[in-house]
Amino acid sequence: MSYVIGIDSGGTHITATAYKDNIEIATATAGPGNIFLDPQQTIKNLIKVITEISEKLSSNTCTLILIGIAGLESADNPQPYLDKVKDYFKSLTENIIFTSDAKLALINGLEGKDGFLAIAGTGSIVYGRQKNKYLRAGGWGYLLDDIGSGYRISQEAVATALEKMDRGENSSLIPAILEYFKADNLKNVVSQYYKLNRTEIAAFSLKLAQEADRQNDEAIMILQHQADLLADEIIHLIKRYSQESISLNLALSGSVLVNNLIIQKEISSKVKHAYPTIKIMVSDRSNTAAVNYI
Ligand SMILES: Nc1ncnc2c1ncn2[C@@H]1O[C@H](COP(=O)(O)OP(=O)(O)OP(=O)(O)O)[C@@H](O)[C@H]1O
């Protein structure tokens, strides 16, 4: 029996899934897999998940490993690291393909068809594919960009509360912020904030979403603002393609876009206003790119 492995190597975790005839037959997970941020750890985690799957399926033949790695396009000379994985598993299969996590998600979300893809998880990026012309927008990391992402939502929430404090105003976000950052006042939140890493800060976006569910208007406004920014990025990416015969499919992927209905609704209404015929779908399918890969 032969199988393929699809691997989504993301900022917070790696998920590997093995398929036989489109049916999932094994999975394995490991810690972070962003090759730009930590190449050594990424390779270690990739080796762990592939080993786990190949051991589970040891009596079968692996014909393809398709790995989508976060940070691949920004990484400085990632090739030696990728070669290490290829070399390590050369007896398992010679067919190991590396691509960016965005391209992998594009194949997943649009099932190999042309269209657009927005991903927002810890970070964010927008991708387009039309007749093999790939364009991207954003994805320049948390210091420069990542609009609509968990990180930017968290950052805007803390910055808004601090700004209000400076103006002598109160913020309804303070209790949630103090609880998450384990501080007794906003000034102490600042020192905590600089001690945490990007993923830890980004995880506060989930708490903010819970505040929004409790009808906290400030939380709702922050989610809508980040959604508006991401919608603009999507609209501008679509505009960069010649408008004749482009496929107006848009897939929304990544935990923020899959789980947050306020953000989904805001992006859908803004993008549909610009492109009324666009078809928007939410894609929580991960790793099936290996099945759709040709
Ligand atoms: N309902 C929600 N509202 C807001 N943020 C959310 C929600 N659900 C999850 N998140 C945020 O999504 C982020 C994790 O997303 P995901 O699991 O897609 O990340 P990742 O694949 O590790 O990151 P990346 O795709 O950027 O490399 C966390 O920051 C979390 O706080």
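**Figure 1. Polar contacts of the ligand with Gly-11, Ser-205 and Asn-260.** In this predicted model, an oxygen atom of the ligand lies 2.8 Å from a backbone N or O atom of Gly-11. An N or O atom in the side chain of Ser-205 is likewise placed 2.8 Å from an oxygen atom of the ligand. On the side chain of Asn-260, a polar atom lies 3.0 Å from a nitrogen atom of the ligand. Of the 660 Å² of accessible area that the ligand has on its own, the protein covers 86%.

**Figure 2. The shell of residues around the ligand.** The ligand is surrounded by 18 residues, and the closest are Gly-11, Thr-12, Gly-123, Ser-205 and Ser-255. By residue class, the shell comprises 13 polar and 5 nonpolar residues, with no charged residue. Domain 1 (2-94) and domain 2 (102-283) each contribute at least three residues to the shell. Two or more shell residues come from each of the elements helix H8 (204-213) and helix H10 (255-259).

**Figure 3. Burial of strand E7.** Strand E7 spans residues 124-130, and 7 of its 7 residues are buried. In a regular strand, side chains point alternately to the two faces of the sheet. One side of E7 carries Ser-124, Val-126, Gly-128 and Gln-130, all of them buried. The other side carries Ile-125, Tyr-127 and Arg-129, which are also buried, and both faces of E7 are therefore covered.

**Figure 4. Pairing of strands E6 and E7.** Strand E6 (residues 115-120) runs antiparallel to E7, and the two strands pair over 6 bridges. Within this pairing, Gly-128 of E7 stands opposite Phe-116. The two strands, E6 and E7, form a hairpin that has 3 residues between them. Gly-128 is also among the buried residues of E7.

**Figure 5. Pairing of strands E7 and E8.** Strand E8 (residues 133-137) pairs with E7 in the antiparallel sense, over 5 bridges. Arg-129 has Tyr-134 in E8 as its bridge partner. Arg-129 itself is buried, on the side of E7 that also holds Ile-125 and Tyr-127. The hairpin of E7 and E8 has 2 residues between the strands, and in this hairpin Lys-131 adopts a positive phi near 45°. Strand E7 thus appears in both views of pairing: with E6 over 6 bridges and with E8 over 5 bridges.

Notes. Residues numbered from 1 in each chain as written. Predicted model: local features only at pLDDT ≥ 70, side-chain atom pairs only at ≥ 80, totals over all residues. Heavy atoms only, no water. Near = heavy atom within 4 Å. Polar contact = N/O pair within 3.5 Å; in protein donor to acceptor, adjacent residues only side chain to side chain. Areas by Shrake-Rupley, 256 points an atom, 1.4 Å probe, with all protein chains shown as cover. Helix = DSSP H or I, 4+ residues; strand = E, 2+ residues; numbered from the N terminus. Nonpolar A, V, L, I, M, F, W, Y, C, P; charged D, E, K, R; others polar. Domains from an automatic or database assignment. Buried < 20%, exposed > 50% of the residue type's maximum accessible area, 1.4 Å probe, protein only. Pairing = 2+ DSSP bridges.
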